[in-house]
Amino acid sequence: MVYCFLIHTVCPGGSRLLYWRVFCPDHSSPDGQLSAEQRAHLQKEELLAVARQVRSAVSLSRQASGRVLMEVAVGEEGVALQEADGGVLRLRAGEPFRGERSALWLAVQSLGFTLLCEPHENLLLAEGTLRGLVRRCLDDLRLLGPGSEVLLKSDRIDVLLSRLLPHGQLLFLNHRFAQSLEKGVAAYTSK
Amino acid sequence: MGYLADRLIGMEIQDAELQKFYGKILKLIQGREFGHDAIDSLQRLHLILSASKYTRMLPPELQERLLALLVSSPIEQLQVLSSAVLRETLPPSGQKVNYSQDSSNPPNTHAAALMLSQTASRDDLSSLCTQLMRNLEGRVPEGPVHSLTHTLPILNTILTYSPGSLTEDHVTLLNKKLVDWLRYASTQQGGGVSSGGFFTGPRSRQPGPIGELDGTVSGDFFTVLCVGQTFTEDQWMNVYSFSMLRHWLLTSSSGSSINATADVANRLQLSLSLSLSHSTDDRSEVDGSVVSMVSATSSSSRLLPPKERLREKAFQYCQRIIEQSDRKAQKRADTELQKACLVEAVCILNCVCVEDMSLVYRAFPCVKALYGRLSSDLSYARVLLPIAQFYLNHGDTVAVDCECVWKLVLGRFPAELYNDSFLAHELLRFLRQNLENLSLRVPQYTNAFPNLFKFLAWDSPAVVDDFIDLLPSLVTPGTAVELLHTLLDLPCLSSTLILQLRSAFLPITDSSGRGLLSLEAFRSPNYRGLFLFLLREEAGSGDTIARLNKLHELLAEAVSWPRVVQCAQTVPILLHVYFNTVVKVADEKLLEQLILVLLERSSLLLNIHKYAKEIHRVFSCHLLRFCKLRPSLVVDQSHELLEFAGTTANAYSREDIFTHVVWVLGEHLSVSSDSRCSVELITSCFETLEAVLFEVTSSSPPPGEAHAAPRVITSLMSALSKLASRSHDLIPRVSLFLSKLRTVARGGSVPWCSNEDDLASILTRGEELWSLLKVPSVAQSVLTPPPHVSTPQWHRDANVAMPFQLRALTSLTNLAHSN
């Protein structure tokens, strides 16, 4: 299963977490040693560490491919998605999580979308799921426009995740199943 | 709104303001009707809480109200927002939280999310499991279809981080339900109206059978690769079941406490009863193998215990998936899904075969056929990796030759798909996870490094970590020299791969006139051999190219390409790993060869900014280590080392290595390191170094070079002094030089050193050495300390151990007395 889903910035200025959803609490320390508050703080730090590593990977990848980022306007999300850089990063055991993890990422303009998985996860499925999530996020939330709504409309992403990635479970959805679920999400977001 | 969001994040909201906001929200959500205000406020509250530096605690009334909304509100948006807000706050301490409306119904999905995020106790999770299972078993619940579908993902989460919460009963029940959903889901499409009515009117439309992805009607049981207009609940559960199947099979089998002997006993009993029941059928031979009887007929699997039955059904499901994936899907997204399903199916087959070896005989033909179908299609490369894993795990059992598989995985994939970052990640992970097995069973592995390095040359930052883990396994005495050359030439390989891709895309006659020189060279038949060597797939055809200089010339414009620069930055790290490994496996002869390579290649490196400097640093460090480990190397290689040290130009262009070569000569050219070290050798070395020192300190540096670094001069002086201390008639020559140096420098500036401080340190060192050499015997023991001084072993030294012995004896006798 997927450990968490992150949306963060990947511009050179710094990495800021815009959205995060952790599905499986990481029991890196036995209960009783850390208070709930400390554990929450630790979790946040770990997610920031992941975002930083992904930002670094994105920047190196873009540098190596030498591709120039074109400005994409609102309404051209499909183009942006096609042009997106994608990759997968190996996070060693201890950096920062106890066990090894794989960070699947997709970078669209200055936004990074990351899925953190167990190493033996079906990465083909995870990649497909991530693309689907990003497509819907771009379409629904107009993330590429000014005055980004991701911060205030995070409940829409919550619902999207509850259908397409419920409790971190990757789903084998053919186009009919996916359509059916997306109809449900569209119904929610139109309210 | 955007402005507000930024403002809220930018500043830490004041506590008083926040309390007022809490009060306002409470009022808004107290009633039964909720307007936009309530929703907006909750969204803002969530934003404030998630942007806070530290986790807050909500006032109890607000917390209670939000919890109530989460659990019982019919409006999903309120459930979602409440769940999101509560997840960002600290749970109320001590109190028991109710996540569901009543104890008979399990929590809704958003409430369950909150519960799982608050790391509930094992007992709480166990009772949640019981609630969920009861829900699955009992009558169809009144809620919407999707209320049931979150059950399996929730159970999977609990399975992941608290597997002990599931009892034996839970496991058994889930095994049974999974079988039902996976194998016996409806093969008719879902009806239009789920009115809950028990009979359909004569006018109602028959929904029709499910179909396959290529548009044909489905002829077998329902799977994730079947389509319909709408789906029934058990068809949804089929999807959720398959999605968690692999994890379930892996976890429930390893965690299960059913011991192996009980299992075998069950199967024995089963086979006996089966053979009796078959006495009326056509006489199938009851062969000696117990287990083959059980798996021979699928209809009799009803008699299997739930876990084994699930295994059998999982097996059949995977076979069906593999067959269905051969169909040409009408939509591209479905083609991608077919690939993902194939990966999953093969992994599950692998898993069940590991559990039950007899299944290998049934699974292998299927996997082999799949391999045959896909092996020539590179777009299925990622599917072939789990197949390779299957062959690695079970190939021996069926005595199948797996060589073709390795030719693909170690040959074609790296050679042609090096720029597929996902394939690179998965292939390298496959190698890492099976390293032991590979080293034993796949002899081609250690010769495959020229190919495997293509992944590294293309995208170093992404895979360098994997290579740090893999490189030690690739270092063998037979290929060590070639491997070293290949590592040093990685930036050249990187450039070549870029050229290879560009060459494929750009037309042969690029009339735009911007033609890259390197691209022309790549395509020119004159230099084909150079590039072909770099692109070779296997080791063994030669250590390196003879015309390295020419190659570096041709690639001159590549030194600024970002990909090449990134690659060059990872080479030093890998060299460290290489050298650390090679000392463990190398014999003296190999170490000698490696020293020669170090000396030779230090001037034959692609001219990337800072690359040579970094490589020299690594070389110097390990040269030192080698010579410390086997001091006799210095005597054996004295000719080559002296040649290097005697070339004054090296003191300027390869200062780091030069200094270290001089140091090892001074340190290890002695009788105590190697009895073959003669007076003649010491003298000849002395004269060589003396000549260089004279040259360096007599005039300005050659045009284009900076001044010689101070440590070049001090290391030469120290080396000469050390050599002189071993052959005393050389001492006057050193002393003469040192006093002359003092005189010359007293004049003020010298042409060979521009910095006053540097000159001062050189002079100080000179003074120390000069004073030391005035007393030759002292100089000898200081500059060439005997081994027992430089590597003390106090506990073994007879003279020193005595005090310890005495002390031990004394304390023992004291004890004896006091008792």
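Start your tour with the empty spaces inside this predicted model: there are 11 cavities of 30 Å³ or more. Rolling a probe the size of a water molecule over the atoms shows where empty space is left.

**Stop 1: a cavity in chain B**

Go to the second largest cavity, which holds about 80 Å³ of space. To see its walls, select B:Asn175, B:Trp248, B:Leu249, B:Ser252, B:Ser253, B:Lys307, B:Leu310, B:Arg311, B:Cys351, B:Val352 and B:Glu355. Now colour helix 11 (233-255), helix 14 (306-324) and helix 15 (332-355) of chain B, the elements that each give two or more residues to this lining. Which helix supplies the largest share of the lining? That is helix 11 of chain B, with four residues.

**Stop 2: chain B as a whole**

Zoom out and show chain B as a cartoon. You will find 41 helices and two strands. Of the 819 residues in chain B, 51% are buried. For contacts in chain B with a separation of 6 or more, 75% are between residues 24 or more positions apart. Switch to a surface view, and chain B exposes about 38,600 Å², with carbon and sulfur atoms supplying 54% of that area.

**Stop 3: two places on chain B**

Keep the surface on and select B:Val775, B:Val778 and B:Val782, which make a nonpolar surface patch of about 220 Å². B:Val775 sits in the loop between helix 38 (756-773) and helix 39 (776-783) of chain B. Is B:Val775 buried or partly exposed? Its relative accessibility is 40%, so B:Val775 counts as partly exposed.

Next, pick B:Lys610, in the loop between helix 29 (588-601) and helix 30 (611-629) of chain B. Look at the backbone here: B:Lys610 is not a glycine, yet it has a positive phi of about 70 degrees. Most residues other than glycine have a negative phi, and most peptide bonds are trans. With a relative accessibility of 54%, B:Lys610 counts as exposed.

**Stop 4: over to chain A**

Now show chain A as a cartoon. How many helices and strands does chain A have? There are five helices and five strands, and following the sequence takes you through the pattern β-β-α-α-β-β-β-α-α-α. Buried residues account for 58% of the 191 residues in chain A. Among its contacts between residues at least 6 apart in sequence, 60% join residues at least 24 apart. The surface that chain A exposes comes to about 7,400 Å², and carbon and sulfur atoms supply 50% of it.

**Stop 5: backbone details in chain A**

Select A:Glu95 and A:Pro96, which are joined by a cis peptide bond with an omega of about -10 degrees. A:Pro96 belongs to the loop between strand 3 (85-91) and strand 4 (101-108) of chain A.

Then move along to A:Gln109, in the loop between strand 4 and strand 5 (111-117) of chain A. A:Gln109 has a positive phi of about 55 degrees, although it is not a glycine. Is A:Gln109 buried or exposed? At 16% relative accessibility, it falls under the 20% cut-off, so A:Gln109 counts as buried.

**Stop 6: a buried glutamate**

Finish in helix 5 (residues 175-190) of chain A, where you can select A:Glu182. A:Glu182 counts as buried because its relative accessibility is 16%. Leaving aside residues up to four places away in sequence, A:Glu182 touches A:Arg135 and A:Arg136, so add those two to your selection to complete the view.

Key
Residues numbered from 1 in each chain as written. Chains lettered and ligands numbered in written order. Predicted model: local features only at pLDDT ≥ 70, side-chain atom pairs only at ≥ 80, totals over all residues. Heavy atoms only, no water. Patch = residues over 30% accessible without salt bridge, like charges linked within 9 Å, V, L, I, M, F, W, Y side chains within 5 Å. Areas by Shrake-Rupley, 256 points an atom, 1.4 Å probe, with all protein chains shown as cover. Salt bridge = Lys/Arg side-chain N within 4 Å of Asp/Glu carboxyl O. Buried < 20%, exposed > 50% of the residue type's maximum accessible area, 1.4 Å probe, protein only. Contact = heavy atoms within 4.5 Å. 1 Å grid on protein atoms, 1.4 Å probe; cavity = no way out; pocket = protein on both sides within 12 Å on 5 of 7 lines; lining within 4 Å. Points joined across faces, edges and corners; volume = space filled by probe spheres on them.
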